[in-house]
There are 2 protein chains.
Amino acid sequence: MTVSKRERQHAILELIASREVASQEELRQLLLKRGWEVTQSTLSRDLRDLRIARVPTDRGLRYVVAEGGGEEAARAPLSAILPQLFVRLDGVSHLIVLKTVSGGAQTVAHALDREASSDILGTIAGDDTILMICRSEQARERVAKRLSSLGRRP
Amino acid sequence: MTVSKRERQHAILELIASREVASQEELRQLLLKRGWEVTQSTLSRDLRDLRIARVPTDRGLRYVVAEGGGEEAARAPLSAILPQLFVRLDGVSHLIVLKTVSGGAQTVAHALDREASSDILGTIAGDDTILMICRSEQARERVAKRLSSLGRRP
DNA sequence: TGCAGTGCGGCATGAGTATGCATTATATGT
DNA sequence: ACATATAATGCATACTCATGCCGCACTGCA
């Protein structure tokens with residue numbers, strides 16, 4: 001019964017939103033009172049589907065709906081995404097400006113951040129442009145060289 | 001060593017912010033590589049202190065920093081929000097790059113703007129990174145010093 | 001009507017986390 | 001410096017959650 005699953009998950013969302021639920025067993029009891037009889041296993045899967053997490057609060061662990069409906073951006077390595085998204089690159093002083101295809105900046109910036117290069121202090125991304133702050137001009141040259149070659153499609 | 005606890009929790013914050021961590025055991029291994037040797041118990045407590053939760057994502061369960069007060073934090077002074085959101089800071093020339101937990105950059109940037117320091121020409125914030133343009137290198141040093149101490153959690 | 005395909009959900013159990021208790025380190029008062 | 005109060009942490013274990021496997025219900029199709 002697909003309908004019952006949907007309704008149950010809906011009930012779960014309402015419960016989580018309206019009270020403090022600390023465990024799946026507690027949630028199970030609450031659902032029981034409303035006529036839903038399920039096992040902890042099912043709740044574990046429901047909570048996964050609904051992206052509901054158990055977060056530490058002042059009053060202990062509580063289930064809450066994870067924000068942002070979950071993060072975006074595939075966690076692919078730079079080498080995998082850059083050839084697809086790279087447009088061009090330029091630099092001056094400690095700075096590099098990297099252009100990507102429209103909407104690609106955040107993805108590339110995250111990939112860059114994940115590499116945690118000491119040459120790069122940080123990145124700031126808009127929609128299709130990334131500003132990278134490098135530790136020095138030498139660092140900038142190294143980074144620019146590497147990104148250029150990575151960005152060059154295979 | 002009280003200091004070590006603070007530093008360790010800071011390291012955890014950075015790790016969580018920059019990689020996908022699926023379990024406390026995995027986190028323990030990562031910390032080991034950086035010279036921190038602790039048990040899972042301690043990590044459980046650290047994660048509680050830092051309000052880091054394990055949320056379901058497309059790629060499985062991952063630890064993420066739970067969002068702080070949100071609206072509430074929006075008007076709080078820098079000294080109140082920075083300890084919660086600060087990850088690390090670095091600077092070069094006239095620039096400071098401040099890393100925050102995911103989604104924290106806008107909040108911190110607003111707080112910075114509200115302080116209207118003449119040392120800072122302006123700020124640009126992405127999702128988890130803020131670029132601050134300072135009036136001079138001396139100004140940069142002053143600001144960096146202050147932010148570092150504010151960011152150091154109590 | 002019979003059969004393959006798909007999804008849901010229980011059961012059992014392993015994976016993963018939280019915590020009471022005891023110990024050791026650190027801070028505070030005299 | 002010594003004694004006492006507090007905080008930090010490890011250990012062992014109870015608690016809680018995630019998941020492989022299996023059966024059942026339903027669907028589409030020949």
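Biologist: At what angle do helix α2 and helix α3 of chain A pack?

Modeller: Keep in mind this is a predicted model. Helix α2 (residues 24-33) of chain A packs against helix α3 (residues 40-49) of chain A at about 100°, and their axes are 10 Å apart. Angles from 65 to 115 degrees count as roughly perpendicular, so α2(A) is roughly perpendicular to α3(A).

Biologist: Which residues make that contact?

Modeller: From α2(A) there are A:Q24, A:E25, A:L27 and A:R28, while α3(A) brings A:Q40, A:L43 and A:S44. By class, the contact has 2 nonpolar, 3 polar and 2 charged residues.

Biologist: OK, switching to the DNA. How many residues surround DNA strand C, and which are the closest?

Modeller: DNA strand C has 19 residues around it, the closest being A:S41, A:T42, B:Q24, B:S41 and B:S44.

Biologist: And which helices supply that surface?

Modeller: In chain A, α1 (2-18) and α3 each give at least two residues of the surface near DNA strand C, and in chain B α2 (24-33) and α3 (40-49) do so too. The largest share comes from α3(B), with 5 residues.

Biologist: What's the mix of residue classes near DNA strand C?

Modeller: The surface there has 11 polar residues, 4 nonpolar and 4 charged.

Biologist: Let's move on to the sheet in chain A. What order are the strands in?

Modeller: The order is β3-β4-β6-β5, an open sheet of 4 strands with antiparallel pairing. At the edges sit β3 (86-92) and β5 (120-125) of chain A, each pairing on one side only. Neighbouring strands are turned by 20° against each other on average, ignoring direction.

Biologist: How many bridges are there between β5(A) and β6(A)?

Modeller: β5(A) and β6(A) (residues 129-134) pair over 5 bridges, in the antiparallel sense. In that region, A:I124 stands opposite A:L131 of β6(A).

Biologist: Which strands does helix α5 of chain A lie across?

Modeller: Helix α5 (residues 105-115) of chain A lies across β4 (95-100), β5 and β6 of chain A, and runs at about 165° to β5(A).

Biologist: Last topic, the two chains. How many residues does each put into the contact?

Modeller: Chain A puts in 23 residues and chain B puts in 24. On the chain A side, β1 (52-57), α5, β5 and β6 each supply at least two residues.

Biologist: Which of those gives the largest share?

Modeller: That's β5(A), with 5 residues of the side of chain A that touches chain B. By class, this side of chain A divides into 10 nonpolar, 9 charged and 4 polar residues.

Note on methods
Residues are numbered from 1 along each chain as its sequence is written. Chains are lettered from A and ligands numbered from 1 in the order in which they are written. This is a predicted model: local features need pLDDT of at least 70, side-chain atom pairs count only at pLDDT 80 or more; totals for chains, interfaces and linings use all residues. Axes are lines fitted to C-alpha atoms, for helices over the stretch in contact, and angles run from 0 to 180 degrees between N-to-C directions. Angles under 35 degrees count as roughly parallel, over 145 as roughly antiparallel, 65 to 115 as roughly perpendicular and the rest as oblique. Two residues are in contact if their C-beta atoms, placed from the backbone, lie within 7 Å. Ala, Val, Leu, Ile, Met, Phe, Trp, Tyr, Cys and Pro count as nonpolar, Asp, Glu, Lys and Arg as charged, and the others, Gly among them, as polar. A residue is near a molecule or strand if its C-beta atom, placed from the backbone, lies within 6 Å of it. Two strands pair if DSSP finds at least two bridges between them.
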